[in-house]
Amino acid sequence: MSEPSSAAATQAGAESLWTRGSQLLLPTRIPLRLRVFFRGAFALLALATVGLALSVLIEEKIQGLQAYTQGFAKTLGQISARLRHPTGQLALLNPSMAPQPGVGLRPVVLPFSAIDFDDRSKVQQAVEMAGCGVRYALPGGQEAQLCVAIGSSPLAGGFIYAVGSVPSPALVARRVGERDLSAAHRVRVTLQMRGQTSRWMAPFEAGAEPLAAGSSLAQRGRLTGFVEEEDGQTADKPVRDFRGWLWRDLRCLGPVAAPAASAASASVDQPEDCLRQAFFSVRLPVEVFRDDLQLRRSQVVWPPVDLDRMLLRVQVLPPGADSAPLFDSAQGEPTAPFSLQALQSLLLPGETLNTRSASGAQVAELSGQLDKEPSAPLMDALIRRLPLEGYDTPLVARETITTSLGRYELTLTGDVRSVNRQLSVVATRVVGFVGAMLLAVLLTWLAIELRIIRRITVLTQRAARVSHEVKGPAGEIRLDVADLRGADELGLLAGTLGDLMQRVNDDVRREHLRAQQEKDQWHAVGHEIMSPLQSLMALHGSAEDPSHRYIQRMQQAIKVLYGQASPTEAFEATTLGVQALDISAFLRQVAENAPHAGIEQVRLDAPVSDAPLWVRADEYALEDVVTHVLSNADRYRRPGTAIELQLMTTAQGMAVHVRNQGPQVPDELLERVFDYGVSAEAATPGDGREGSHRGQGLFVARTYMAKMGGTISLHNTPDGVTVSLGLLRA
């Protein structure tokens, strides 16, 4: 079926009106889209800023946890190494050895069984390795040092060692047999233990053999010990087990010292009256210790349980009875040697070091210092809630330190939650920058919202009222933009929109006129065709007349198109009388009448059955559908070939397949051929058929099939094309 040329124009006019109507309605959606876009963009920017800050905090928290875990293992290694050193073992054996000013020193237990006090290099090396020396600041910027200790083994004899050094002028030695000990340099030792006080006075006695050439010593001699009574009187005979030595260096102390010079060359340039370092080593016989060792050899307790209650005072006296001492351990501010408290600086925040002896007694417990820098409570709460896997896993490590008096177990525990504190301090410092970024985002959004979006909203609201101001088919679109015109972008946009509305008004008026003309034309065409059809129906009124059926179809088509503005509107507005139809009988009648419609060689392949095959369809509409499909098949089939009409039963109903042999439909047109105005024209130029097919037949077929609840599809076969119709079972 073909329509007049005005139908295409009417359809084009309708589509143009629809397009323009859509364009008129478009501005009503622009403000919402702009607001959503800008607000969404700035919201995303703010969220991205916050997300970036949170991701950085999470990453810092992960790195902080990793660093804390690695530092935890490193901390235990450092502490173990320090405690395995003699200095650390001294701290383990004497956890409370801090000296107290004004009372002297308490003996400590050395990590060695005994000291070879007769050899200066050995005793000095032992004291320096153990780190038991307590330093005293002296007037004139000089320094003295003293170590009071006992050996770690009771088998060494139960002695107390006093080893130290003090700046001293040239030493004055005691002459052998001289009763007055105050005429020489001397060392006084006072020991308080178990309610008793013991005193020894040990004058310096120069050695008999001369110093070897190249020696670094200026003087060397013994310290011979005499028991001293409370009134200051000394015994006539020295104490046999009291042993002591005194060595004085060759090199002067202070700015005249020559550290790089040899001993021989230094002795030439050094003045005789300068201060030199005097080093003494004393072994005190303690009768109480010796009595305990003899009485309880098998059950001796070492070190003594009252060792921390013993007190030793050492004084180095110059010649003269009333002279001030060169050094007194009961005076000045002593500087404590290395102790377990010094390990606290190695502990990270949240780490705790617990030290226990082999018996299980706690020796010391140290904790890492927390960062004292303030942090915001809000940051503390935020950091705590940042997700991190394995964050609550406790860290525990153990190590055993072996000393001469037994083993000590170190237990280091870590609390990774202390990372929160450090990270919160950092977050508190940078929260101001994040806040500044968010403030900048807010200010920028307000500027765009007030200076741009608001003006666009005014323009958009006026454009939105246009659709409500159109009255009647010839209504005009009025958009007042006089107050919005200007030199900026929005002003130019308003002026352009006003000019565009004027051109749209002109186009709308023309479209209304053309649509009305086409409608009048269809009225006239329908009126003129209906009269001859009424006459033909009277001439071919018999139902047996083959022409009767086609005249009825022509009347039905005229009723469909009569009074409509376009063919597409007519077909889409048609109401079909769908009812039960015997599809087998219907197809046989179509195949028999096909030659009357000019379509030869139509072969029907249907199931052989006396029972009717009922489907839901409108008889006339379905006949139009099959006729359009047969016409297309006849148009494109190869000469001499037949058109196959096949009926098959499906799960939903019945399927009718129409096959022909000929050219295939291009793949890009398989779906589009059912659209109005699309035709796979296969006519060759010069055969008189070009331009005679307007792509309406398959459009009508799809429309009718959809109204009957059926389907229509087209696909290529190796030798032609097949159109499949699907009908629902009645």
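Two strands count as a pair if DSSP finds at least two bridges between them. In this predicted model, strand S14 (residues 352-357) and strand S17 (residues 406-414) pass that test with six bridges, and they pair in the antiparallel sense. One of the residues involved is Arg 356, whose bridge partner in S17 is Glu 409. Strand S17 also has a partner in strand S16 (residues 395-403): nine bridges join S16 to S17, and again the two run antiparallel. Here Leu 395 stands opposite Gly 414 in S17. With just two residues between them, S16 and S17 form a hairpin. As a bit of background, side chains in a regular strand alternate between the two faces of the sheet.

Stepping back to the whole protein, there are 15 helices and 24 strands to find your way around. Of the 730 residues, 42% are buried. Contacts reach a long way along the chain too: among those between residues at least 6 apart in sequence, 68% join residues at least 24 apart. As for the outside, the accessible surface comes to about 38800 Å², and carbon and sulfur atoms account for 55% of it.

What about the inside? In soluble globular proteins, nonpolar side chains tend to be buried together. The largest nonpolar core in this model has 60 residues, and the members that touch the most others are Ile 160 and Leu 312. Helix H2 (residues 30-84) gives the most to this core, with six residues. Leaving aside residues up to four places away in sequence, Leu 312 touches a whole list of neighbours, including Gly 104, Leu 105, Val 148, Ala 162, Val 189, Leu 191 and Leu 284. Ile 160 is on that list as well, so the two residues that touch the most other core members also touch each other, contact here meaning heavy atoms within 4.5 Å. Apart from this core lies another one, made of 45 residues, among them Phe 586, Ile 599, Phe 699 and Val 721.

Nonpolar residues turn up on the surface as well. Leu 439, Leu 442, Leu 443, Leu 446 and Leu 450 form a nonpolar patch there, and together they have about 460 Å² of accessible area. Leu 442 sits in helix H8 (residues 418-464). With a relative accessible area of 42%, Leu 442 is partly exposed, because that label covers values between 20% and 50%.

Charged side chains come next. The structure holds 17 salt bridges. In one of them, the side chains of Glu 228 and Arg 188 meet at 3.2 Å, N to O. Glu 228 belongs to the loop between strand S8 (226-227) and strand S9 (243-252), while Arg 188 belongs to strand S5 (residues 186-193), so this pair ties together parts that are 40 residues apart in sequence. Glu 228 is buried at 8% relative accessible area, whereas Arg 188, at 24%, counts as partly exposed.

Another salt bridge links the side chains of Arg 240 and Asp 241, at 3.8 Å from N to O. Arg 240 is exposed, with a relative accessible area of 71%, but Asp 241 is buried, at 17%. The side chains of Asp 634 and Arg 637 also meet in a salt bridge, at 2.9 Å, N to O. In that pair, Asp 634 is partly exposed, with a relative accessible area of 26%, and Arg 637 is buried, at 14%.

How values were computed. Residues are numbered from 1 along each chain as its sequence is written. This is a predicted model: local features need pLDDT of at least 70, side-chain atom pairs count only at pLDDT 80 or more; totals for chains, interfaces and linings use all residues. Side-chain values use heavy atoms; hydrogens and water are left out. Helices (H or I, at least four residues) and strands (E, at least two) are DSSP runs, numbered from the N terminus. Buried means under 20% relative accessible area, exposed over 50%, partly exposed in between (1.4 Å probe, protein chains only). Accessible areas come from the Shrake-Rupley method with a 1.4 Å probe; for residues, only the protein chains shown count as cover. Patches are made of residues with over 30% relative accessible area and no salt bridge: like charges are joined within 9 Å, nonpolar side chains (Val, Leu, Ile, Met, Phe, Trp, Tyr) within 5 Å. A salt bridge is a side-chain nitrogen of Lys or Arg within 4 Å of a carboxyl oxygen of Asp or Glu. A nonpolar core is a set of buried Ala, Val, Leu, Ile, Met, Phe, Trp, Tyr and Cys residues joined through side-chain atoms within 4.5 Å.
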